Amino acid sequence: MPHPNDPKLRSFVDVDPASDFPIQNLPYGVFSTQAAPAPRVGVAIGDRVLDLAVLESEGLIDLAPAYDVFAQASLNAFMALGPRVWSKTRVRISELLRHDNPKLRDDKSVRTPALVPMADARLHLPFEVAGYTDFYSSKEHATNVGVMFRGKDNALQPNWLHMPIGYNGRASTVVVSGTRVRRPRGQLKPPATDAPSFGPCKRLDFELEMGVVVGQSSPIGEMLGETQAEEMIFGFVLLNDWSARDIQQWEYVPLGPFQAKAFATSISPWIVTREALEPFRVHGPAQDPVPLPYLRQAQPNNYDIELDVALRAAQMNQAAGICRTNFKYMYWSSVQQLVHHASSGCAMNVGDLLGSGTISGPEKHQRGSLLELSWNGTEPVELPGGVKRTFLEDGDSLMMRGWCQGNGYRVGFGEVEGTILPAS
Ligand code: CA
């Protein structure tokens, strides 16, 4: 039987070559429809959603002894079954969608309810977020921010090259793409003023990141090895770590970001599995100095994922591209982040979300935040129609897309979108 990643596979569901969701992808999400409002688990295929709850109830997917894993509003129960079940299920779904398999293709009574038009599906947050940790693992991003705030000679803090730096964020405000984001309020103290005031953020920003979805738990007190950590990763989503730069600048000393990052984090609705990304695995940048033994990697753990950010101001008809970069530039890999996270004995949970940190590349157009693109507000980004931006304004919509380009197909993430509402 062909491997689910085989580029030659075709589905009986028509898939446009430019679609993010060919049979080689099969990302998981949670959806509902007007006709059937109970959220359940589905897989994206072309412009359809394959309803796994229907397949499960028809006995076409058998996860015995687990029942009704897909008739649920989150993927947590499925993720908890572990990597062997993830693999087996992906093989089965691929088999059922193949153009030369009549089982689902020719059974109209199952096929019709099981293949929902994507246009009719409302997409929900795909998993219950147990914990959210955000890292800071792009050397280009950390260097840019360091140069702006501390000068060229102290750009990278002395610890940065020795471990993935991160902080514990808020799971409570992780939202799915399409959720509108209210401009936060907070304490502001511009450098030129003597005292802080409280009010709406004036320097609202996005951060282009990927999110790792942890699908397995690890016990308190135990470290993880490279292979063990990798096998705990269920998949990846696009992640926008909305950031209030003015709140951040005043509050971040000495414990790091707090309210500046706590008001919203947006993720894309489809979780692209680690297995679907396997053909796009690449080496990350050389690590110098060589990391301590517990952080060393025997295999390439980065992924070649093209990333694109576009902004549409309220008065613009179309979004305009403002950043184009790639996930492969990350200095610290997701596996290293997870290994480091558990290294103190910190327990990981099913549904933990790890933000990669802002993804910036070596070129100017590869900067993954407005802070960097406008160089701390000194070089406005010019958009069509004379629109200029240093930071986000009310009514602005921000779109991030990501995809791996295969030969004749792409394994894509869809989109994460958010529009800014005025402060309440
Ligand atoms: Ca971040």
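Biologist: Which element gives the most to the lining of the largest pocket?
Modeller: Keep in mind that this model is predicted. One element gives five residues to the lining, and no other gives more. That element is α6.

Biologist: How much space lies in the largest pocket, and which residues are closest to its centre?
Modeller: The space comes to about 790 Å³. The lining counts 31 residues. Closest to the centre are Y136, Q248, Y252, G256 and P257.

Biologist: Which elements give two or more residues to that lining?
Modeller: Start with the helix named above, α6, at residues 139–150. Add α8, at residues 245–251. Two strands complete the list: β6 and β7.

Biologist: By class, how many residues of the lining of the largest pocket are nonpolar?
Modeller: Set the other classes aside. Nine residues are polar and six are charged. The nonpolar count is 16.

Biologist: What volume does the second largest pocket have?
Modeller: This pocket is lined by 17 residues, and L9, R10, V15, P22 and Q24 lie nearest its centre. By class, eight are nonpolar, five polar and four charged. The volume is about 260 Å³.

Biologist: Now the metal. Which residues are the protein donors of the calcium ion?
Modeller: Look for oxygen atoms lying 2.1 to 2.3 Å from the ion. Along the chain, the donors follow the spacing D-x72-E-x1-E-x31-D. The residues are D134, E207, E209 and D241.

Biologist: How many residues apart are E207 and D241?
Modeller: E207 sits in the loop between β12 and β13. D241 sits in the loop between β14 and β15. The pair links distant parts of the chain, and its separation is 34 residues.

Biologist: Is E207 buried or exposed? And D241?
Modeller: The cut-off for buried is under 20% relative accessible area. E207 has 4%, so E207 counts as buried. D241 has 0%, so D241 is also buried.

Biologist: Turn to α10. How many of its residues are buried?
Modeller: Helix α10 spans residues 334–342 and is mostly covered. The buried residues are S334, V335, Q336, Q337, L338, V339, H340, H341 and A342. They pack against β6, β7, β13, α7, β14 and β22. The count is nine of nine.

Biologist: Which strands stand at the edges of the open five-stranded sheet?
Modeller: The order is β9-β26-β25-β20-β21, with mixed pairing. Two strands have a single partner strand each, so one side of each is left without a neighbour in the sheet. Those strands are β9 and β21.

Biologist: In what sense does β26 pair with β9, and in what sense with β25?
Modeller: Take β9 and β26. They pair over two bridges, in the parallel sense, and V181 has I420 as its bridge partner. Now take β25 and β26. M400 has V416 as its bridge partner, and the eight bridges here are antiparallel.

Biologist: Why is β26 largely enclosed by the rest of the structure?
Modeller: Strand β26 covers residues 410–421. It counts as largely enclosed because of how many of its 12 residues are buried: 11.

Biologist: Which residue takes a positive phi in the hairpin of β25 and β26?
Modeller: This hairpin has four residues between the strands. One residue takes a phi near 90 degrees: G408.

Biologist: How many bridges join β20 to β25?
Modeller: Strand β20 covers residues 306–312 and runs antiparallel to β25. One facing pair is A310 opposite M399. The bridges number seven.

Biologist: Which residues point one way from β2, and which the other way?
Modeller: In a regular strand, side chains alternate between the two faces of the sheet. Six of the six residues of β2 are buried, so the strand is largely enclosed by the rest of the structure. One way point R40, G42 and A44; the other way point V41, V43 and I45.

Biologist: Which residue of β3 is the bridge partner of G42?
Modeller: β2 joins β1 through four antiparallel bridges, with V30 opposite V41. Four more antiparallel bridges join β2 to β3. In the β2 and β3 hairpin, G46 takes a positive phi near 55 degrees. The partner of G42 is D51.

Conventions
Residues numbered from 1 in each chain as written. Predicted model: local features only at pLDDT ≥ 70, side-chain atom pairs only at ≥ 80, totals over all residues. Heavy atoms only, no water. Donors = N, O, S within 2.8 Å, 3.2 Å for Na, K, Ca; no water. Buried < 20%, exposed > 50% of the residue type's maximum accessible area, 1.4 Å probe, protein only. Pairing = 2+ DSSP bridges. Contact = heavy atoms within 4.5 Å. 1 Å grid on protein atoms, 1.4 Å probe; cavity = no way out; pocket = protein on both sides within 12 Å on 5 of 7 lines; lining within 4 Å. Points joined across faces, edges and corners; volume = space filled by probe spheres on them. Nonpolar A, V, L, I, M, F, W, Y, C, P; charged D, E, K, R; others polar.
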